[in-house]
Amino acid sequence: MEDLLRSVADFISRNHVWAGVILGLITFLESLAVIGAFVPATGLLVAAGAMVAAGVLDPWNVMLGCIIGAVLGDALSYWLGRRLGPSVLRHKVFKPHRRRVAWTRLFAYRYGVASVYIGRFFGPLRAFVPVTVGILGMRQKTFQTANVLSAVVWVTAMLAPGYLAQKGLARLEAMSEAHGPTLAGIAAVALFVCGYVAYRWVKGRALKRAEARGLGRFPEKA
């Protein structure tokens with residue numbers, strides 16, 4: 001799976017015009033009932049965030065594609081739940097996931113619309129919450145509002161780590177090239193301070209142990 005994700009990331013970097021479509025398709029699949037449990041899009045979105053920071057991909061193209069894919073995937077799963085009702089859970093494709101489905105039904109029943117938001121960020125639930133709330137009869141308007149808002153937040157959160165990491169590396173490289181000796185001096189001072197603090201802490205611990213054993217002080221003179 002890692003090799004496949006790496007290949008997809010390489011293809012996107014070489015064909016950046018299709019980045020939004022490809023990433024949108026992947027987030028769509030990850031948001032579908034059952035299928036989403038086997039589509040790990042998180043690593044690919046982190047890589048896409050790094051490529052956005054590096055200027056390889058257009059941020060609006062990536063964001064729009066991912067959000068549309070995530071919204072459509074959850075909407076389709078919700079529609080299946082509303083259309084087919086509880087009978088859909090008796091389908092053979094759900095049999096290997098009975099325990100997860102049962103837990104998701106309890107979770108969705110207890111937290112209602114909040115489960116749509118939480119489910120986006122909780123891997124084991126992401127592929128089952130929309131179909132479950134559809135079965136439970138959540139109102140269409142309520143679900144779609146939560147669906148769109150949670151998709152925007154989720155996509156942003158998934159792209160952010162790669163974006164921030166790439167920006168941080170770029171700044172660090174620029175600083176190291178422009179202020180190499182200065183950074184080396186700061187690192188040396190920081191290392192000395194950390195070593196001194198560690199030395200004082202170890203010494204303090206040793207003295208406390210010695211005092212506890214009655215060895216920390218010299219006996220008073222008569």
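**A walk through an all-helix chain, from a surface patch to a buried glycine**

Let me begin on the outside, where Trp103, Val113, Tyr117, Ile118, Phe122 and Leu149 make a nonpolar surface patch of about 530 Å². Please keep in mind that this is a predicted model, so everything I say is computed from it.

One member of that patch is Val113, and you can find this valine in the loop between α5, residues 98–111, and α6, residues 114–121. Is Val113 buried or exposed? The careful reply is that Val113 is partly exposed, because its relative accessible area is 35%, and partly exposed covers the range between under 20%, which is buried, and over 50%, which is exposed.

Stepping back to the whole chain, we have 10 helices and zero strands, so that the pattern read along the sequence is simply α-α-α-α-α-α-α-α-α-α. Of the 222 residues in the chain, 33% are buried.

Now let us look at how one pair of helices is arranged. Two packed helices are described by the angle between their axes and by the distance between those axes. For helix α2, residues 19–31, and helix α3, residues 42–53, the axes come within 10 Å and cross at roughly 150°. Because angles over 145 degrees count as roughly antiparallel, α2 is roughly antiparallel to α3, and the crossing in which α2 passes α3 is left-handed.

Finally, staying in helix α3, we meet Gly49, which counts as buried because its relative accessibility is 2%. Which distance separates the C-alpha atoms of Gly49 and Leu159? They are separated by 4.3 Å, although these two residues are 110 residues apart along the chain.

Methods: Residues numbered from 1 in each chain as written. Predicted model: local features only at pLDDT ≥ 70, side-chain atom pairs only at ≥ 80, totals over all residues. Heavy atoms only, no water. Patch = residues over 30% accessible without salt bridge, like charges linked within 9 Å, V, L, I, M, F, W, Y side chains within 5 Å. Areas by Shrake-Rupley, 256 points an atom, 1.4 Å probe, with all protein chains shown as cover. Salt bridge = Lys/Arg side-chain N within 4 Å of Asp/Glu carboxyl O. Helix = DSSP H or I, 4+ residues; strand = E, 2+ residues; numbered from the N terminus. Buried < 20%, exposed > 50% of the residue type's maximum accessible area, 1.4 Å probe, protein only. Axes fitted to C-alpha atoms, helices over the stretch in contact; angles between N-to-C directions. Parallel < 35°, antiparallel > 145°, perpendicular 65-115°, else oblique. Left-handed = near helix turned anticlockwise from the far one by under 90°.
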